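Student: I am new to this structure and would like a close look at one part of it, with the details joined into one picture. Could you choose a place where two elements pack together and take me through it slowly?

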Amino acid sequence: MERCLRAAIVALDFAPGEFIDKAAVCTALGVSRFPVSEALTRLATEGLVEILPQRGSRAARIRLSEIQESMLIRRALEVMVAETAASRLPPTVLAMLRSNLEAQQEAVARDDRTGFHALDLRFHAILVDGLDLPRVAAVIDASRANIDRVRRLLSSRRRHADTLAEHWTIFRALEGHDPAAAGQAMKAHLGAVMDEVDLLAARSSDLFVI
């Protein structure tokens, strides 16, 4: 239940600020109101749902300060991961990254935005998993829910093409065993995402809160 609702909110099935019709959710999932209410309460603690007394529950608007903090955490960790990977990543993992990038390229060509999003997440996961850093992976994953909502809002063929180019720059630095270049490429990649978030927030203030 909770997982289904979280996935629906992250996938923007409920837009930021949109009220969630509990009756419709109950009907769709074949459950009573109680487990739906419990799930919404738990999601409220994650910042994905806003519960308004006497009015109902809605998908929370995206809190820009939380996105900035989450991206700060990701940048600190993933720059370190990229620098470390340039020195230690085995050839088998580099091959996995290349295969992933080739699949990303095909997704961009097809304008497969859902497929590209999954491959984008997988690219970053391969890096962390390739270094066997489960606690780092857990921290990064914990910061993803609201970031993933923003990434879906930013979804476009142009943004995906830019992301692919940024990923290839990271990969070439990894393949060249250049820690400084790998760290800089990852920093630039995540910085580009945050720049686009700031532009989107300025254009779509109804979806964001400070």
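Tutor: Let us look at helices α9 and α10, which run roughly antiparallel to each other in what is a predicted model. Two packed helices are described by the angle between their axes and the distance between the axes. Here the axes of α9 and α10 cross at roughly 165 degrees and come within 7 Å; since an angle over 145 degrees counts as roughly antiparallel, the description given at the start follows. The crossing in which α9 passes α10 is left-handed.

On the α9 side, the contact is made by Arg158, Arg159, Thr163, Glu166, His167, Thr169, Ile170, Ala173 and Leu174, while α10 brings Ala181, Ala182, Ala185, Met186, His189, Ala192, Val193 and Glu196. Sorted by character, the residues of this contact of α9 with α10 comprise 9 nonpolar, 4 polar and 4 charged ones.

The charged residues deserve a slower look. Side chains of opposite charge can pair when their charged atoms come close. Glutamate 196 and arginine 158 form such a salt bridge, with 2.6 Å from N to O. This pair links distant parts of the chain, for glutamate 196 sits in helix α10, residues 179-203, and arginine 158 in helix α9, with their positions 38 residues apart. The two partners also differ in their surroundings: glutamate 196 counts as buried, because its relative accessibility is 15% and the limit for buried is under 20%, whereas arginine 158, at 44%, counts as partly exposed. Nor does the pair stand alone, as Arg158, Arg159, Asp162, Glu166 and Glu196 are linked in a network of salt bridges.

Helix α9, which covers residues 157-175, takes part in another long-range link. The side chain of glutamate 175 meets that of arginine 98 in a salt bridge of 2.9 Å, N to O, and arginine 98 lies in helix α5, residues 91-110, so that pair is 77 residues apart along the chain. Glutamate 175 is partly exposed, with a relative accessible area of 37%, and arginine 98 is likewise partly exposed, at 32%.

To set these pairs in context, a search of the whole structure finds 15 salt bridges. One of them joins the side chains of glutamate 66 and arginine 63, at 3.9 Å from N to O; glutamate 66 is partly exposed at 30% relative accessibility, and arginine 63 is partly exposed at 40%.

Key: Residues are numbered from 1 along each chain as its sequence is written. This is a predicted model: local features need pLDDT of at least 70, side-chain atom pairs count only at pLDDT 80 or more; totals for chains, interfaces and linings use all residues. Side-chain values use heavy atoms; hydrogens and water are left out. A salt bridge is a side-chain nitrogen of Lys or Arg within 4 Å of a carboxyl oxygen of Asp or Glu. Buried means under 20% relative accessible area, exposed over 50%, partly exposed in between (1.4 Å probe, protein chains only). Helices (H or I, at least four residues) and strands (E, at least two) are DSSP runs, numbered from the N terminus. Axes are lines fitted to C-alpha atoms, for helices over the stretch in contact, and angles run from 0 to 180 degrees between N-to-C directions. Angles under 35 degrees count as roughly parallel, over 145 as roughly antiparallel, 65 to 115 as roughly perpendicular and the rest as oblique. A crossing is left-handed if the near helix is turned anticlockwise from the far one by less than a right angle, and right-handed if clockwise. Contact means heavy atoms within 4.5 Å. Ala, Val, Leu, Ile, Met, Phe, Trp, Tyr, Cys and Pro count as nonpolar, Asp, Glu, Lys and Arg as charged, and the others, Gly among them, as polar.
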